[in-house]
Amino acid sequence: MDTITSVFSSERKQELLLRILILALIYVIAFSTRLYSVLRYESVIHEFDPYFNFRTTQYLVNEGFYNFLNWFDEASWYPLGRIVGGTVYPGLMMTAAAVYWVLNFFNITINIRNVCVLLAPWFASNTAMITYFLSKEVKNTGTGLLAAALIAIVPGYVSRSVAGSYDNEGIAIFTLLLTYAMWIKSVKTGSLFWSGLATLAYFYMVSAWGGYIFIINLIPLYVFVLLVSGRYSSRLYIAYCTFYTIGTLLSMQITFVGFQAVQSSEHMAAFGMFGLLQIYAFLNWVKAHLSAESYNRFFTVGIASLLAFLAVSFTAATATGYISPWTGRFYTLLDPTYAKENIPIIASVSEHQPTTWASFFFDLHILVILFPAGLYFCFRDIKDVSDLRDDNRTDAKIFIICYGITSVYFAGVMVRLMLVLAPVSCVIGAIAISSTLETYLKPLKQNTTDRKNKESYPLQAEVSYAVVAALACLLVFYTFHCSWVTSEAYSSPSIVLAANQHDGSRLIFDDFREAYRWIDMNTAENARVMSWWDYGYQISAMGNRTILVDNNTWNNSHIAQVGKAMASTEENAIKIMRSLHVDYVLILFGGLTGYASDDINKFLWMVRIAGSTDPNIKEEQYFANGEFRIDAGGSPIMLNSLMYKMCFWRFGDLYTEHNRPPGWDRVRNVEIGNKDFTLDHIEEVYTTQHWLVRIYKVKDLPNHSA
């Protein structure tokens with residue numbers, strides 16, 4: 001007993017114990033708060049992309065890594081197929097498979113599906129720990145603890161890390177912050193060890209998510225800022241040269257990246273910064289060995305010659321195609337209108353839309369206010385290079401400033417990138433709270449006599465109490481908001497829908513799995529299913545059938561063919577479907593239940609994408625007096641399209657609401673305009689319980705007598 005007492009007798013040891021307990025509590029909270037969906041529904045994969053990731057992980061576990069890398073999937077993108085191993089970031093699948101193999105090695109029997117379901121919450125807990133380390137390097141331990149607590153429950157990150165969200169982002173934010181934490185440490189120390197760890201973290205990030213482009217552009221930007229501000233050091237040179245050279249070589253080992261790491265425009269900033277750093281270091285060396293006059297002459301001639309050489313080289317490399325142009329998504333980040341005008345397939349994705357102010361508050365809450373305050377404190381605490389009190393935290397603060405400002409811009413352009421903003425918002429918000437508490441707690445730590453003697457303004461103690469109480473209340477409100485958003489908005493799997501009835505009970509809509517199960521049990525194994533690309537991954541993973549297009553969206557013209565079939569009349573659509581050997585067609589319809597994300601509401605995107613390859617299909621033809629309508633005033637082309645017929649087949653005889661005519665669409669709130677039509681080339685074979693999913697079979701060609 002005396003030994004235990006002596007271990008925790010000193011204040012420093014007590015502080016260490018308290019810190020460990022707080023981090024352990026944060027670790028548990030970060031994991032448990034993401035389990036609402038499992039507790040309410042079951043252990044189920046969410047959304048669309050995660051089903052492809054789950055399917056590929058199953059293949060990896062069953063067939064091994066070598067076969068996974070060489071897997072040609074004939075069941076996707078019929079008749080083209082897909083080379084899976086060369087078109088994915090394998091980090092997520094490898095991580096889940098490694099966890100599965102380790103657990104089974106220790107005789108802990110667990111289904112690979114449960115590993116996939118719980119992987120994101122586990123990595124969220126690990127992310128909180130990395131956030132603590134990152135924030136501690138930027139300011140202090142207290143800031144680290146606060147930042148870890150904030151990110152553990154922030155909705156902007158929870159949205160992509162709840163149980164069942166088996167997507168690349170589930171581990172990517174952990175690797176993103178791990179790379180930045182190791183990078184800051186390497187710049188502060190100039191150590192090859194920390195630079196090597198940053199490189200390995202970056203390699204893990206490249207293997208996990210295409211968002212690694214953010215890292216390989218932010219770090220060069222940060223190095224450039226340090227150069228311009230006169231904060232160049234040998235530590236910076238060692239850190240960046242190690243990171244870029246080894247990191248680039250490692251990233252090229254990922255098949256999906258390959259030579260893009262040295263040839264694509266997205267990577268040229270990192271390459272240019274590497275070259276600039278060599279020139280800067282070389283000029284410093286030359287300056288130390290030449291007189292001022294000789295150096296100025298050398299500098300003028302050398303820089304002019306170098307710039308001319310670089311301009312010619314870059315122009316030649318771009319013209320010959322050695323340096324590939326920016327991708328459509330990258331152009332969209334620079335110009336938010338680019339995708340809508342040039343690449344409708346990108347603009348059709350909801351998560352590629354600009355972020356509204358409501359979304360900022362919904363996903364960040366008080367961090368929206370704390371973010372600019374934290375930036376102010378970061379700028380305020382920047383010290384001059386010659387300041388002896390500078391412990392290299394200034395360089396870390398400059399990095400956080402660069403990260404924060406760039407992430408705000410990108411999050412405003414694309415709502416999906418709120419995920420990148422959320423972590424740095426927690427770090428900067430923690431800096432704001434920590435700095436404010438340092439100011440207002442200082443007077444409260446003094447005894448009563450000293451406090452009165454040292455008051456810098458009247459009622460200083462009372463004001464300090466009010467500020468501390470206000471911050472405490474804000475954090476309480478933040479906690480309640482995050483818990484509510486996590487529970488109500490981000491813990492409902494899209495594969496299973498739920499609605500609250502008048503008596504308070506929950507009504508479950510399990511139509512999606514019902515439809516996929518029917519396909520699996522009632523269609524031939526080689527049957528080909530046509531649907532809009534949103535549902536491709538789910539059909540192939542749960543229905544086990546060949547699909548024409550899926551969420552990979554790599555071939556715009558092939559998707560346009562599907563869109564053209566949906567937008568055409570049945571007579572024209574059947575020609576397209578027979579040319580693609582389609583056996584079944586699956587559509588989503590929400591007119592009965594009020595489900596707004598159905599194919600009628602997505603229909604205009606099908607028209608736009610089809611029109612991007614076939615000029616005969618014009619979006620205006622589907623409007624009536626400038627409006628998209630499905631009632632009696634709708635466009636004749638719209639009311640006779642294949643999509644309209646498949647959605648509203650037999651619906652005109654159905655009563656959906658009291659005191660409403662038959663055929664009342666509860667999403668569009670109108671009576672459908674065309675009820676009297678027939679299906680000549682397809683036939684309905686299955687409609688789910690709530691009419692959410694409807695499946696049609698393409699009729700066989702009639703036999704002709706000799």
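This report covers one helix, one pocket and one nonpolar core of a predicted model.

## Basis

The model is predicted: local features need pLDDT of at least 70, side-chain atom pairs count only at pLDDT 80 or more, and totals for chains, interfaces and linings use all residues. Residues are numbered from 1 along each chain as its sequence is written, and side-chain values use heavy atoms, with hydrogens and water left out.

## Helix H6

Helix H6 (a DSSP run of H or I, at least four residues, numbered from the N terminus) covers residues 91-105. Its 15 residues should span 21 Å at 1.5 Å a residue, taken over one less than the number of residues; the end C-alpha atoms are 21 Å apart, so the two values agree.

Buried residues (under 20% relative accessible area, 1.4 Å probe, protein chains only) in H6 are Gly91, Leu92, Met93, Thr95, Ala96, Ala97 and Tyr100. They pack against helices H4 (49-63), H5 (65-69), H7 (112-138), H10 (169-189) and H11 (192-208). Asn107, which follows H6, has a positive phi near 60°.

## Largest nonpolar core

The largest nonpolar core (buried Ala, Val, Leu, Ile, Met, Phe, Trp, Tyr and Cys residues joined through side-chain atoms within 4.5 Å) has 201 residues. Trp183, Met577 and Leu586 touch the most other members.

Leaving aside residues up to four places away in sequence, Trp183 is in contact (heavy atoms within 4.5 Å) with Ala198, Ile219, Tyr222, Val223, Leu236, Ala239, Tyr240, Phe243 and Phe399.

Key. Helices (H or I, at least four residues) and strands (E, at least two) are DSSP runs, numbered from the N terminus. Buried means under 20% relative accessible area, exposed over 50%, partly exposed in between (1.4 Å probe, protein chains only).
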